[in-house]
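Trainee: I would like a close look at a single part of this model, set in the context of the chain around it. Could you take me through it with care?

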Amino acid sequence: MTKKIGIIGGSGIYSLTDGMDLEKIAIKTPYGDSVNVSLFKRNNKDIVFLPRHKIGHKTPPHKINYRANIFALKELGVNQIIATNSVGSLKKDIPPGSLVLPDDFIDFTCRRDKTFYDDEVVHVDLTQPYCERLRNTIAKNGKLINSGVYVCTEGPRFETRAEIKMFQSLGVDIVGMTGLPEVVLAKEKGMCYSSIAIVTNYSTSLSKDKLTMEEVFEMMEAKKKEVIEIILKTIDDVPIDYECDCLS
Ligand SMILES: [Zn+2]
């Protein structure tokens with residue numbers, strides 16, 4: 001099978017190719033759901049686009065079938081994934097509108113299926129949870145902060161002020177609800193994975209105002225074009241055949 005590049009679009013990123021004719025397919029998975037993706041070519045490279053929340057942003061973060069999504073991409077021959085996640089900032093010097101490439105995470109999710117290895121003992125190494133090679137390639141293609149600790153909460157509620165204080169004391173930079181277990185599952189399948197975290201707001205306690213979904217979507221709308229451009233440039237930059245520690 002030809003090797004492909006997978007794009008997982010988070011909130012606000014529902015297509016990379018507005019108006020283009022795409023091949024749309026559904027992949028059956030052993031995890032209860034079939035997964036809808038679009039296929040297209042760019043500079044002779046095969047690209048698979050997967051909207052994380054399904055078409056029309058129907059699935060909330062804690063109900064996303066992360067295993068089905070990663071399984072489907074692997075089935076299609078994807079060996080490297082660029083994902084987008086909308087996040088809140090825990091640092092004054094990472095203002096809304098910033099783009100962050102996380103290089104580490106803390107997992108505070110609690111009721112998600114987090115592994116493909118339910119029936120055998122496998123402990124995947126996460127010294128480098130996000131692919132360094134892919135992350136550095138993305139970093140060259142736009143104005144991005146090339147490191148950061150991402151904390152994933154269960155959601156769908158936003159965080160309390162006490163939780164944000166705790167995360168800050170743990171060294172967290174950004175908080176979101178969709179980064180885990182996606183990055184771990186990609187690692188388990190031997191795929192390179194990097195995420196572009198789009199800072200849509202300051203987290204509770206850094207901002208005086210109540211946090212609303214409207215401001216999240218407004219900022220996403222404002223950053224969408226820039227993020228898509230970074231992804232397309234990165235697609236042009238990354239090789240299809242390559243060596244990387246993630247693949248073993
Ligand atoms: Zn890699």
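**The loop at N43 and its surroundings**

Mentor: N43 counts as exposed, because it has 8 C-beta neighbours inside 10 Å, and we should keep in mind from the start that this is a predicted model. The residue belongs to the loop between β3 and β4, where its backbone takes a positive phi of about 45° although N43 is not a glycine. N44 lies in that loop between β3 and β4 as well, and its phi, near 70°, is again a positive value in a residue other than glycine. With 6 other C-beta atoms within 10 Å, N44 is exposed, because the cut-off for that class is 12 or fewer.

Moving from the loop into the strand before it, β3 (residues 35-42) pairs with β2 (residues 23-27) in the antiparallel sense, over five bridges. Within this pairing K24 stands opposite S38 in β3. Strand β2 is hardly covered, since the count of buried residues among its five residues is zero.

Helix α1 (residues 66-75) offers a contrast to that strand, for it is mostly covered, with nine of its ten residues buried. The buried set runs through Y66, R67, A68, N69, I70, F71, A72, L73 and K74, and these residues pack against β1, β2, β3, β4 (45-51), β5 and α4 (182-188), so that the strands on both sides of the N43 loop, β3 and β4, are among the partners of α1. Just after α1, G77 takes a positive phi of about 90°.

Two further loops carry backbone features of another kind. A cis peptide bond, with omega about -5°, joins G155 and P156, and P156 is found in the loop between β8 and α3. The other cis bond runs from L180 to P181, with omega near 0°, and P181 has its place in the loop between β9 (174-176) and α4. The loop that holds P156 also holds E159, between β8 (149-153) and α3 (161-169); E159 counts as buried because 22 C-beta neighbours lie inside 10 Å, whereas N43 has 8 and is exposed. Leaving aside neighbours within four places in sequence, E159 is in contact with T153, I164, V175, S203 and T204.

Helix α5 (residues 213-237) bends by about 45° at K223. At 1.5 Å a residue its 25 residues should span 36 Å, and the end C-alpha atoms are 34 Å apart, which agrees. V216, K223, V227, I230, I231 and T234 are buried in α5, and the buried residues of this helix pack against β1 (4-9), β5 (78-89), β6 (99-100), α2 (132-139) and β10 (192-202). The strands β1 and β5 thus appear in the packing of α5 and also in that of α1.

Seen as a whole, the protein chain has five helices and ten strands, and its C-alpha atoms fill a box of roughly 50 × 45 × 35 Å along the principal axes. For 248 residues a compact globule would have a radius of gyration near 18 Å, and the chain has 17 Å, which agrees. Buried residues make up 43% of the 248 residues, and among contacts between residues at least 6 apart in sequence, 82% join residues at least 24 apart.

Note on methods: Residues are numbered from 1 along each chain as its sequence is written. This is a predicted model: local features need pLDDT of at least 70, side-chain atom pairs count only at pLDDT 80 or more; totals for chains, interfaces and linings use all residues. Helices (H or I, at least four residues) and strands (E, at least two) are DSSP runs, numbered from the N terminus. The expected span of a helix is 1.5 Å times one less than its number of residues. The bend at a residue is the angle between axes fitted to the seven residues ending there and the seven starting there. A residue is buried if 20 or more other C-beta atoms lie within 10 Å of its own, exposed if 12 or fewer, and partly exposed in between; C-beta atoms are placed from the backbone. Two residues are in contact if their C-beta atoms, placed from the backbone, lie within 7 Å. Two strands pair if DSSP finds at least two bridges between them. The radius of gyration is taken over C-alpha atoms; the globule rule is 2.2 Å times the number of residues to the power 0.38.
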